[in-house]
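Got your viewer open? Load the model, give it a spin, and follow along one selection at a time.

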Amino acid sequence: LRSPIDRLVHAFYGHPHYGKKYGVGARRFGEYVTEQVAGWRACERRHGLRRCAIHFEQLGPEPAAVFFHADQIIRGMYAPFVEDWLRAMAGALLCLRTEDLLEPATRRAALRRAWRHLGLGVASVDATGLATAEAKLPATREELGRRREPTEAREPLLAATRAELCALYAPLNRQLRDLLAADRTSCEGVGCDGFLWSEDCTAAEGV
């Protein structure tokens with residue numbers, strides 16, 4: 001699972017239809033966010049979070065009219081989907097943070113955790129296997145963006161845009177953290193706090 005804000009920015013710049021409709025740059029991204037969040041909020045007020053997350057465009061002409069049915073906004077709402085998966089496979093679902101796979105300091109520990117979860121055993125995770133797995137991953141978060149995004153350098157988020165996204169995602173991230181902490185397969189205790197992606201919203205404090 002990737003930071004919802006990070007993945008939304010990546011999607012906006014990586015899929016050409018957003019640029020064609022809204023343009024590119026921080027102001028245009030902010031306009032996209034405001035329009036999409038307004039469509040989401042209207043649906044949520046009428047139908048509730050879970051129904052909108054799963055059935056958005058099927059819930060009437062208003063949600064259906066939202067550009068691409070708020071798909072990228074919804075894809076960062078992990079909690080309602082993880083809740084269903086945990087209900088179906090408690091103790092069998094492992095969630096990893098994308099950031100932990102991209103950061104050299106945490107990458108190998110995350111890979112080992114995945115292999116242990118699959119029953120491969122730590123002994124089978126030798127240096128050659130780790131190197132092979134690492135070679136398939138982007139070296140950094142920045143490289144992950146460059147693989148999909150156009151050549152234009154994306155601009156930093158406007159403070160108001162970041163605040164709007166933090167207001168949307170922070171409650172869902174807390175719900176996700178609490179779900180995973182209760183399940184104890186993906187993380188335990190304060191080790192689950194990484195799923196809050198709190199650093200994404202530090203810049204929005206006081207805005």
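A residue counts as buried here when its relative accessible area is under 20%. By that rule, buried residues make up 42% of the 207 residues in the protein chain. Keep in mind throughout that you are looking at a predicted model.

**Stop 1: the whole chain**

Switch to a cartoon view and colour by secondary structure. What do you get? Twelve helices and zero strands. Walk from the N terminus and each element in turn is an α one. Now turn on the surface: the accessible area comes to about 10900 Å², and 55% of that belongs to carbon and sulfur atoms. For a feel of how the chain folds back on itself, take the contacts with a separation of 6 or more: 64% of them are between residues 24 or more positions apart.

**Stop 2: helix 1**

Select residues 4–14, which make up helix 1. How many of its residues are buried? Eleven of its eleven. Click along and you'll pass Pro4, Ile5 and Leu8, and also Arg7 and His10, among the buried ones.

Now show the side chains of Arg2 and Asp6. They meet in a salt bridge, with N and O 3.1 Å apart. Is Arg2 buried or exposed? It's buried, because its relative accessibility is 11%, below the 20% cut-off. Asp6 is buried as well, with a relative accessible area of 11%. As for the pairing itself, side chains of opposite charge can pair when their charged atoms come close.

**Stop 3: more salt bridges**

How many salt bridges does a search of the whole structure find? Twelve. Let's visit a couple more.

Move to helix 3, residues 26–47, and select Arg28 and Glu31. Their side chains meet in a salt bridge, at 3.3 Å from N to O. The two residues sit three places apart, about one turn of the helix. Why does that spacing suit a pair? An α-helix has 3.6 residues a turn, so residues three or four places apart point the same way. Arg28 counts as partly exposed at 31% relative accessibility, and Glu31 is partly exposed too, with 33%.

Next, jump to helix 7, residues 78–88, and pick Asp84 and Arg87, again three residues apart and separated by about one helical turn. They form a salt bridge whose closest N and O atoms are 2.9 Å apart. Add Arg50 and Glu83 to your selection: salt bridges that share partners join these two with Asp84 and Arg87 into one network. Colour Arg87 by accessibility and you'll find that Arg87 is exposed, at 59%.

**Stop 4: Phe81**

Stay in helix 7 and click on Phe81. Phe81 is partly exposed, with a relative accessible area of 25%. Which residues does Phe81 touch, leaving aside its neighbours within four places in sequence? Show Ala53, Ile54 and Ile74, and there they are. Try the distance tool on Phe81 and Ile54: they are 27 residues apart along the chain, yet their C-alpha atoms are separated by 8.3 Å.

**Stop 5: a pocket**

Rolling a probe the size of a water molecule over the atoms shows where empty space is left. The second largest pocket found here has a volume of about 210 Å³. To get to it, select Arg97, Asp100, Arg113, Ser186 and Gly191, the ones nearest its centre out of 13 lining residues. Which element gives the largest share of the lining? Helix 9, residues 104–117, with four residues. By type, the lining divides into six nonpolar, four polar and three charged residues.

**Stop 6: two backbone oddities**

Last, look at backbone angles. Select Ala70, in the loop between helix 5 (61–65) and helix 6 (71–75). Its phi is near 55°, a positive value in a residue other than glycine. Ala70 is also buried, at 0% relative accessibility.

Then find Trp197, in the segment after helix 12 (159–183). Here phi is near 50°, again positive in a residue that is not glycine. Is Trp197 buried or exposed? Buried, with a relative accessible area of 1%.

Key. Residues are numbered from 1 along each chain as its sequence is written. This is a predicted model: local features need pLDDT of at least 70, side-chain atom pairs count only at pLDDT 80 or more; totals for chains, interfaces and linings use all residues. Side-chain values use heavy atoms; hydrogens and water are left out. A salt bridge is a side-chain nitrogen of Lys or Arg within 4 Å of a carboxyl oxygen of Asp or Glu. Buried means under 20% relative accessible area, exposed over 50%, partly exposed in between (1.4 Å probe, protein chains only). On a 1 Å grid over the protein atoms alone, a cavity is a set of points where a 1.4 Å probe fits but cannot get out, and a pocket is an open set with protein on both sides within 12 Å along at least five of seven lines; lining residues have an atom within 4 Å of a point. Grid points are joined across faces, edges and corners, and a volume is the space filled by probe spheres set on the points. Ala, Val, Leu, Ile, Met, Phe, Trp, Tyr, Cys and Pro count as nonpolar, Asp, Glu, Lys and Arg as charged, and the others, Gly among them, as polar. Contact means heavy atoms within 4.5 Å. Accessible areas come from the Shrake-Rupley method with a 1.4 Å probe; for residues, only the protein chains shown count as cover.
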